[in-house]
Amino acid sequence: MVRSHQKPTILALRSPTNKAHLGSSAVRAGWSFEDKPRFTIPPVMAKYRDRKLGKTFAFAGSDVYADTTARGHMRAAFEAGSGVVCNWDVMEYVLDYLFLKLGIDGQDGAIDMPIVMTETLANLPYSRKSMSEILFECYGAPSVAYGVDA
């Protein structure tokens with residue numbers, strides 16, 4: 001239960017390795033006071049330019065599968081068969097999408113609440129450093145705590 005004087009914490013970004021499929025299958029995000037994650041999306045994005053319409057289209061998560069052209073331009077955030085982020089541009093786009101879905105669009109895209117993230121066992125220090133850099137510099141998160149997803 002959250003007391004009225006406590007800020008809610010974003011319990012975000014579990015990137016579990018699905019043992020049945022041997023790959024990172026989902027990114028989950030929600031609030032600390034909820035029992036289950038509010039959103040579960042695949043960690044993918046697609047971006048392409050339609051020359052006929054003269055528009056650029058960008059999709060993230062499950063929306064990628066809704067457009068046939070986007071499926072051809074799909075890129076994953078995680079290395080196949082592991083929970084290690086290998087494409088940071090895709091990860092940043094997935095974070096943008098999740099924070100927008102959670103209703104966090106503060107001034108200049110800043111997040112004014114702490115974030116709790118889980119990561120794969122034996123995650124590389126570079127990966128954690130890069131994620132922290134994105135969360136602090138791009139989103140202005142006040143604090144980030146990491147836990148092992150086991």
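Helices here are DSSP runs of H or I with at least four residues, and strands are runs of E with at least two, both numbered from the N terminus. Counted this way, the chain has three helices and ten strands. The model on the screen is a predicted one.

**The whole chain**

Start with everything selected and colour by secondary structure. Going from the N terminus, the elements follow the order β-β-β-β-β-β-β-α-β-α-β-α-β. The chain has 150 residues, and 39% of them are buried.

Switch to a surface view. The accessible surface of the chain is about 9,100 Å², and carbon and sulfur atoms account for 52% of it. Among contacts with a separation of 6 or more, 52% join residues 24 or more positions apart.

**Strands β4 and β5**

Select residues 27-31, which form strand β4. Four of the five residues in β4 are buried, so the strand is mostly covered; buried here means under 20% relative accessible area. Now add residues 39-41, strand β5, which pairs with β4 in the antiparallel sense over three bridges. To see one place where the two strands face each other, show Ala29: Phe39 in β5 stands opposite.

**The sheet of β7, β6 and β8**

Next, select β6 (residues 44-50), then add β7 (55-60) and β8 (74-76). Together these make an open sheet of three strands in the order β7-β6-β8, with antiparallel pairing. Because β7 and β8 stand at the edges with a single partner strand each, one side of each has no neighbour in the sheet. Look along the sheet to see the twist, which averages 20° from one strand to the next.

What holds strands of a sheet together? Strands pair through backbone hydrogen bonds, in either the parallel or the antiparallel sense.

Stay with the pair β6 and β8, which is antiparallel and has three bridges. Show Ala46 and look across to β8, where Met74 is its bridge partner.

Then pick Lys47, also in strand β6. Which residues does Lys47 touch, not counting those up to four places away in sequence? They are Thr56, Phe57, Ala58 and His73. Draw a distance from the C-alpha atom of Lys47 to that of His73: the value is 6.5 Å, for two residues 26 apart along the chain.

**Strands β9 and β10**

Move on to residues 115-119, strand β9. Four of the five residues in β9 are buried, and the strand is mostly covered. Add residues 144-148, strand β10: this strand and β9 pair in the parallel sense, over five bridges. At Thr118, look across to β10, where Gly147 stands opposite.

**Helix α3**

Select residues 125-138, helix α3. Three stops on this helix follow.

The first stop is Ser127, which lies in α3. Is Ser127 buried or exposed? Its relative accessible area is 5%, so Ser127 counts as buried. Setting aside neighbours within four places in sequence, Ser127 is in contact with Val85 and Trp88.

The second stop is the pair Glu133 and Lys129, whose side chains meet in a salt bridge with an N to O distance of 3.8 Å. The structure holds one salt bridge. Glu133 and Lys129 are four residues apart in helix α3, so about one helical turn separates them. Glu133 has 39% relative accessibility and therefore counts as partly exposed.

The third stop is Glu137, also in helix α3. With 63% relative accessibility, Glu137 counts as exposed. Draw a distance from its C-alpha atom to that of Ala110: the two residues are 27 apart along the chain, and the separation is 9.3 Å.

**Two cysteines**

Finish by showing Cys86 and Cys138. How many disulfides does a search of the whole structure find? The search finds zero. Cys86 has 47% relative accessibility and so counts as partly exposed. Cys138, at 39% relative accessibility, also counts as partly exposed.

Terms used. Residues are numbered from 1 along each chain as its sequence is written. This is a predicted model: local features need pLDDT of at least 70, side-chain atom pairs count only at pLDDT 80 or more; totals for chains, interfaces and linings use all residues. Side-chain values use heavy atoms; hydrogens and water are left out. Buried means under 20% relative accessible area, exposed over 50%, partly exposed in between (1.4 Å probe, protein chains only). Contact means heavy atoms within 4.5 Å. Accessible areas come from the Shrake-Rupley method with a 1.4 Å probe; for residues, only the protein chains shown count as cover. A disulfide is a pair of cysteine sulfur atoms within 2.5 Å. Two strands pair if DSSP finds at least two bridges between them. Axes are lines fitted to C-alpha atoms, for helices over the stretch in contact, and angles run from 0 to 180 degrees between N-to-C directions. A salt bridge is a side-chain nitrogen of Lys or Arg within 4 Å of a carboxyl oxygen of Asp or Glu.
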